[in-house]
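Hi everyone, thanks for making the time today. I'd like to walk you through one protein chain, so please have the sequence and the 3D view open while I talk.

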Amino acid sequence: MPKFLLIFMLVATAISASDSPSRTQLPTSVEPGGLILGQTVPGSTVYFGARRLLLTADGRFVAGVGPDPKGQAIFEFKYPDGSAEKRVLTLLPREYAVERVNGLPQQTVNPDPATEARIAAEQARVAKARERNDDRSDVFGGFYWPARGRISGVYGSQRVLNGVPKNPHYGVDVAAPTGTPIAAPQAGVISFAETGLVLTGGTVLIDHGHGVSSAFIHMSRLDVAVGDRVAQGEIIGAVGATGRASGPHLHWGMNWFDVRLDPQKIAVTGP
Ligand SMILES: [Zn+2]
């Protein structure tokens, strides 16, 4: 090998080792509730915390952080050439409001033991649907608002329901009349579709691939069933006030596996 070529290769290796952004595209910071999209060398091994991430054929991957992330958002890469890299994202601060909601059915705020057991069983089935890790790449296409209207509840707010402090609100509420159609914010596969859940009433989950799912609750009508493939913008049902709701609205939640994301930070304007 000509000497100059060897020197060039050594310099190139040194540059790629120190100039990491050239091999992996990632944001440098993330807000609580944020979805992180990245792209790296195809065939790499990528970890976010303890979870190994699926990669698309062209090296794209996704991860998310919850409302009150502890520690750091750390990605670890092992590239096909055997080299490794660690990237630490800055977690931006975020403050949440307190929301008081009154006029809810008391049985849904302070349920009796039998109802509490039913709620736990229902939530376990929803949690199971969120464990999917499909290699479909719908998630990378971006998200539209599933319905438009006044934002009547925001992500992360501390909730006081009928005067009782409860869990934070993990989603965004869009006030709209009962019967308003709900459009799939992005394509996916229906992973849950049931009516009559104690807290969430008519409930639909869409799996968008790579662990990212959308949840739509309090629905008055479901137009889809588990296993259906939906396109972006396809109507999946209608707004309602079923479950623990004080009036008709769409509650839209998004998850990365069991991590609660903020749809308002992810959604773009609809069609
Ligand atoms: Zn809500």
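Let's start at Arg-221, whose bridge partner in β20 is Ala-238. That pair belongs to a match between strand β18, residues 221-222, and β20, which run antiparallel and are held by two bridges. One thing to keep in mind throughout: this is a predicted model.

Now stay with β20 and look at its other partner. Strand β14, residues 181-183, runs antiparallel to β20, residues 235-238, and three bridges join them. If you want to find the pairs on screen, Ile-182 sits opposite Gly-237, and Ala-183 faces Ile-235. Put together, the three strands make an open sheet in the order β14-β20-β18, with antiparallel pairing. β14 and β18 are the edge strands, each pairing on one side only.

Ile-182 comes back when we turn to the nonpolar cores. The largest one has 25 residues, and Ile-182 is among those with the most contacts inside it, along with Val-204, Phe-216, Met-219, Val-239 and Leu-250. As a general point, nonpolar side chains in soluble globular proteins tend to be buried together. Which strands feed this core with at least two residues each? They are β13 (172-175), β15 (188-197), β16 (201-207), β17 (212-219), β20 and β21 (249-256). β17 gives the largest share of this core, with four residues.

Apart from that core lies another, of 23 residues, including Val-30, Val-62, Val-212 and Met-254.

Let me pick out Val-239 for a moment. If we leave aside its neighbours within four places in sequence, the residues in contact with Val-239 include Ile-182, Met-219 and Leu-250. Those three names were also on the list of residues with the most contacts inside the largest core. Ala-147, Pro-177 and His-249 are among the other contacts of Val-239.

Let's zoom out. The protein chain has four helices and 23 strands. Its C-alpha trace spans about 80 × 35 × 35 Å along the principal axes. Of the 271 residues, 35% are buried. Among contacts with a separation of 6 or more, 67% are between residues 24 or more positions apart.

The chain divides into domain 1, residues 3-91, and domain 2, residues 101-268. Taken over C-alpha atoms, the centres of the two domains are 31 Å apart. Where they meet, 14 residues of domain 1 are in contact with 18 residues of domain 2. On the domain 1 side, β2 (35-39) and β5 (60-64) each supply at least two of the touching residues. β5 gives the most to that side, with four residues. By class, that side of domain 1 has seven nonpolar, five polar and two charged residues.

So what about β5 itself: is it enclosed or open? Four of its five residues are buried, so β5 is largely enclosed by the rest of the structure. β5 also pairs with β2, running antiparallel, through five bridges. One of the pairs to look for is Leu-37, whose bridge partner in β5 is Val-62, and Val-62 is one of the residues of the 23-residue core.

Just along from there, have a look at Thr-40, in the loop between β2 and β3 (45-48). Buried or exposed? Thr-40 is buried, because 23 other C-beta atoms lie within 10 Å, where 20 or more is the cut-off. Not counting residues up to four places away in sequence, Thr-40 touches Arg-23, Thr-24, Val-46, Gly-59, Phe-61 and Phe-77. Thr-40 and Val-212 are 172 residues apart along the chain, and their C-alpha atoms are separated by 19 Å.

One last stop, another sheet. Three strands form an open sheet in the order β8-β11-β12, and here the pairing is mixed. β8 (98-101) and β12 (164-166) stand at the edges with a single partner strand each, so one side of each is left without a neighbour in the sheet. On average, neighbouring strands of this sheet are turned by 25° against each other, direction ignored. β8 runs parallel to β11, residues 158-161, and four bridges join them. To find that pairing on screen, look for Arg-100 and its bridge partner in β11, Val-160.

That's my tour, and I'm happy to take questions.

Key: Residues are numbered from 1 along each chain as its sequence is written. This is a predicted model: local features need pLDDT of at least 70, side-chain atom pairs count only at pLDDT 80 or more; totals for chains, interfaces and linings use all residues. Two strands pair if DSSP finds at least two bridges between them. Axes are lines fitted to C-alpha atoms, for helices over the stretch in contact, and angles run from 0 to 180 degrees between N-to-C directions. A residue is buried if 20 or more other C-beta atoms lie within 10 Å of its own, exposed if 12 or fewer, and partly exposed in between; C-beta atoms are placed from the backbone. Two residues are in contact if their C-beta atoms, placed from the backbone, lie within 7 Å. Domain bounds come from an automatic or database domain assignment. Ala, Val, Leu, Ile, Met, Phe, Trp, Tyr, Cys and Pro count as nonpolar, Asp, Glu, Lys and Arg as charged, and the others, Gly among them, as polar. A nonpolar core is a set of buried Ala, Val, Leu, Ile, Met, Phe, Trp, Tyr and Cys residues joined through C-beta atoms within 7 Å.
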